[in-house]
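Please examine the fold presented here and follow the account of its helices, loops and contacts. The discussion proceeds from one site to the next.

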Amino acid sequence: MGNEMISYLQRLEIMAFFSGYPLLYLVILSYAGKEELRTITKKRLISLLPFAYGLIGILYLGLQLRNLYPDYSIRHITSAIQNPFLAGWGLLSIFSFIPVLNKKPVICLLHSLVFFYFLLKDLYIQIISTSAEKSILKNDINVYSDSILLNIAAFAIMAILYFLFLSVRKKTKSIS
């Protein structure tokens, strides 16, 4: 029972980072409109999606390092992480900073759908089962809403940094 609870909590933890990304992706893409009608600013917003997802991956890595502190041995890591596939899959989001991968924001969407699946699975179980525990779905919804806020904040940070970088670059070009 103890390992099941820890595994469930770690699954909620990873969902808190990555499950909200598909909604952010959908909102940004619908705001940007059709591809042939997009302005440069809207294209830039879409191009920032993989960087925001990579930032989420870095935050997840930081949490894992904090949880594993002070013992980073292989033995401790394997005993502490109950869902190694999900943890490893989450850490792969850091690769969205690689130029080849960040050219296609849909790759990040496909990556995050693995975590969104767990929310859909729990929702489906809640609908078809009369004996399913209501607290599981409540936890999932709370974690999902937190994930949406985290992904919006990461996207906003990347957008602010990007547009600050553009304005500084524009000022340095006008000076020289």
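G20 has a relative accessible area of 1% and is therefore buried, the limit for that class being under 20%. In this predicted model, G20 belongs to the loop between α1 and α2, the latter spanning residues 21-32. Contacts beyond its sequence neighbourhood bring G20 against Y144, S147, I148 and N151. By contrast with these contacts, a wide separation is found between G20 and T39: their C-alpha atoms are 26 Å apart, with the two positions 19 residues apart along the chain.

Helix α1 itself, which covers residues 2-18, contains Q10. With a relative accessibility of 18%, Q10 counts as buried, because the class extends to values under 20%. The partners of Q10, leaving aside residues up to four places away in sequence, are A80, I81, Q82 and N83.

R11, also in helix α1, is linked with D122 of helix α7, a position 111 residues away, so that the pair connects distant parts of the chain. The nature of this link is a salt bridge between D122 and R11, in which the closest N and O atoms are 2.6 Å apart. Side chains of opposite charge can pair in this way when their charged atoms come close. A search of the whole structure finds one salt bridge. Both D122 and R11 are buried.

Helix α7, comprising residues 105-128, also includes Y124. Where D122 is buried, Y124 is exposed, with a relative accessible area of 53%. Y124 contributes to a nonpolar surface patch of about 600 Å², together with L120, L123, I125, I127 and I128.

Attention may now turn to helix α3. This helix, residues 40-68, contains L63. L63 touches E13 and F17, not counting residues up to four places away in sequence. For L63 and E13, which are 50 residues apart along the chain, the separation of the C-alpha atoms is 9.6 Å.

Helix α5 (residues 84-91) has L86, A87 and G90 as its buried residues. Seen down the helix axis, these buried residues fall within an arc of 100°, and they therefore line one face of α5. The face turned away from this buried side carries the exposed residues P84 and F85.

Beyond this helix, which residue in the loop between α5 and α6 (99-102) merits attention? S96 lies in that loop, and with a relative accessibility of 4% it counts as buried. Its side chain takes part in two contacts with backbone atoms: a polar atom of the S96 side chain lies 2.9 Å from the backbone oxygen of P50, and the side chain of S96 reaches the backbone nitrogen of G54 at 3.1 Å. P50 and G54 are also among the residues that S96 touches, a list that further includes Y53, L101, N102 and C108 when residues up to four places away in sequence are not counted.

Note on methods. Residues are numbered from 1 along each chain as its sequence is written. This is a predicted model: local features need pLDDT of at least 70, side-chain atom pairs count only at pLDDT 80 or more; totals for chains, interfaces and linings use all residues. Side-chain values use heavy atoms; hydrogens and water are left out. Helices (H or I, at least four residues) and strands (E, at least two) are DSSP runs, numbered from the N terminus. Buried means under 20% relative accessible area, exposed over 50%, partly exposed in between (1.4 Å probe, protein chains only). Contact means heavy atoms within 4.5 Å. Patches are made of residues with over 30% relative accessible area and no salt bridge: like charges are joined within 9 Å, nonpolar side chains (Val, Leu, Ile, Met, Phe, Trp, Tyr) within 5 Å. Accessible areas come from the Shrake-Rupley method with a 1.4 Å probe; for residues, only the protein chains shown count as cover. A salt bridge is a side-chain nitrogen of Lys or Arg within 4 Å of a carboxyl oxygen of Asp or Glu. The arc is that of the directions from the helix axis to the C-beta atoms. A polar contact is a pair of N or O atoms within 3.5 Å; within protein, one must be able to donate a hydrogen and the other to accept it, and residues adjacent in sequence count only if both atoms are side-chain atoms.
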